[in-house]
Amino acid sequence: KSVAAKSRNSKQDQERKAQIEKSAIRLCCEHFEGLGYTVESVEKDNLGWDLEAASGKTLLRIEVKGLSGSVFSVELTPNEYKAFADKSDAYRLAVVTNALESPELFVCRYSKELNIWVVDDKANKSIQIETKQSASIKCI
């Protein structure tokens, strides 16, 4: 492929990723607003989560991941994982599969009673977590 074709494909991939993320954020906002929360985007603040949902004294921190396919498998950045690993009652991981065609929302929360991450509204579903270690290496 020519450099121009590769650049065009890369731009299309980035646009598609942005559409998937936007669709996932929208669905998640609608879900929590439907539950009576006021939802605010904090995506630009680099907090380790994308949305904050408030209702009364409750403030949820929600990391949203959008996927184009039907397989629930996501990666968290170190910053996102730090918030996730705190196992806070106020943290949710929201994963949207098939984000562009027929989106399905999975809302995950840590259950202190069961000592595992569970998927709300999905009977007997939990998530498997594989931690990884990585590094960025540069020649200086």
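**Exercise 1. The cysteine C28**

Task: In this predicted model, decide whether C28 is buried, partly exposed or exposed.

Solution.
- Step 1. The relative accessibility of C28 is 0%.
- Step 2. Buried means under 20% relative accessible area.
- Step 3. C28 therefore counts as buried.
- Step 4. C29 can be treated in the same manner: with a relative accessibility of 17%, C29 also counts as buried.

**Exercise 2. Cysteine pairs**

Task: Find how many disulfides the structure has, and state why C28 is not bonded to the closest cysteine sulfur.

Solution.
- Step 1. A disulfide is a covalent bond between the sulfur atoms of two cysteines.
- Step 2. To count as one, the two sulfur atoms must lie within 2.5 Å.
- Step 3. For C28, the closest cysteine sulfur belongs to C29 and lies 6.3 Å away, so it is too far for a bond.
- Step 4. Starting from C29, the closest cysteine sulfur is that of C28, again at 6.3 Å and too far for a bond.
- Step 5. Over the whole structure, the search finds zero disulfides.

**Exercise 3. The order of elements**

Task: Give the number of helices and strands in the protein, and write their order from the N terminus.

Solution.
- Step 1. There are two helices and six strands.
- Step 2. Starting at the N terminus, the elements follow the order α-β-β-β-α-β-β-β.
- Step 3. For overall dimensions, the C-alpha trace spans about 55 × 35 × 30 Å along its principal axes.
- Step 4. The protein has 140 residues, and 35% of them are buried.
- Step 5. Among contacts with a separation of 6 or more, 43% join residues 24 or more positions apart.

**Exercise 4. The nonpolar cores**

Task: Identify which residues of the largest nonpolar core touch the most other members, and which element gives the largest share of this core.

Solution.
- Step 1. The core has 18 residues, and those touching the most other members are C28, F32, V39, L51, A53, I62 and V64.
- Step 2. Two or more residues come from each of helix 1, strand 2 (51-55), strand 3, strand 4 (91-97) and strand 5 (104-111).
- Step 3. Helix 1 gives the largest share, six residues.
- Step 4. A second, separate core has 14 residues, including L67, A83, Y91 and W117.
- Step 5. V39 serves as an example of a member's surroundings: beyond its neighbours within four places in sequence, V39 contacts C29, F32, E33, L51, E52 and A53.

**Exercise 5. A residue of helix 1**

Task: Locate R26 and classify its accessibility.

Solution.
- Step 1. R26 is part of helix 1.
- Step 2. Partly exposed covers the range between under 20% (buried) and over 50% (exposed).
- Step 3. At 47% relative accessibility, R26 is therefore partly exposed.
- Step 4. Although R26 and V64 are 38 residues apart along the chain, their C-alpha atoms are separated by 10.0 Å.

**Exercise 6. Two pockets**

Task: Describe the lining of the largest pocket and that of the second largest pocket.

Solution.
- Step 1. The largest pocket has a volume of about 660 Å³. Its lining has 18 residues, of which V74, E75, L76, I129 and E130 are the closest to the centre.
- Step 2. The main contributor to this lining is helix 2 (residues 78-85), with three residues.
- Step 3. By class, the lining of the largest pocket holds nine nonpolar, six polar and three charged residues.
- Step 4. The second largest pocket encloses about 260 Å³ of space. Its lining residues include K17, K44, D50, V74 and E75.
- Step 5. Helix 1 (3-34) and strand 3 (58-66) each supply at least two residues of that lining, and helix 1 gives the most, with four.
- Step 6. By class, the lining of the second largest pocket holds four nonpolar, one polar and seven charged residues.

**Exercise 7. Positive phi**

Task: State what is notable about phi in N98 and in N115.

Solution.
- Step 1. Most residues other than glycine have a negative phi.
- Step 2. Phi of N98 is near 45°, a positive value. N98 sits in the loop joining strand 4 and strand 5.
- Step 3. Phi of N115 is near 60°, also positive. This residue, N115, belongs to the loop between strand 5 and strand 6 (116-119).
- Step 4. With a relative accessible area of 53%, N115 is exposed.

Note on methods: Residues are numbered from 1 along each chain as its sequence is written. This is a predicted model: local features need pLDDT of at least 70, side-chain atom pairs count only at pLDDT 80 or more; totals for chains, interfaces and linings use all residues. Side-chain values use heavy atoms; hydrogens and water are left out. On a 1 Å grid over the protein atoms alone, a cavity is a set of points where a 1.4 Å probe fits but cannot get out, and a pocket is an open set with protein on both sides within 12 Å along at least five of seven lines; lining residues have an atom within 4 Å of a point. Grid points are joined across faces, edges and corners, and a volume is the space filled by probe spheres set on the points. Ala, Val, Leu, Ile, Met, Phe, Trp, Tyr, Cys and Pro count as nonpolar, Asp, Glu, Lys and Arg as charged, and the others, Gly among them, as polar. Buried means under 20% relative accessible area, exposed over 50%, partly exposed in between (1.4 Å probe, protein chains only). A nonpolar core is a set of buried Ala, Val, Leu, Ile, Met, Phe, Trp, Tyr and Cys residues joined through side-chain atoms within 4.5 Å. Contact means heavy atoms within 4.5 Å.
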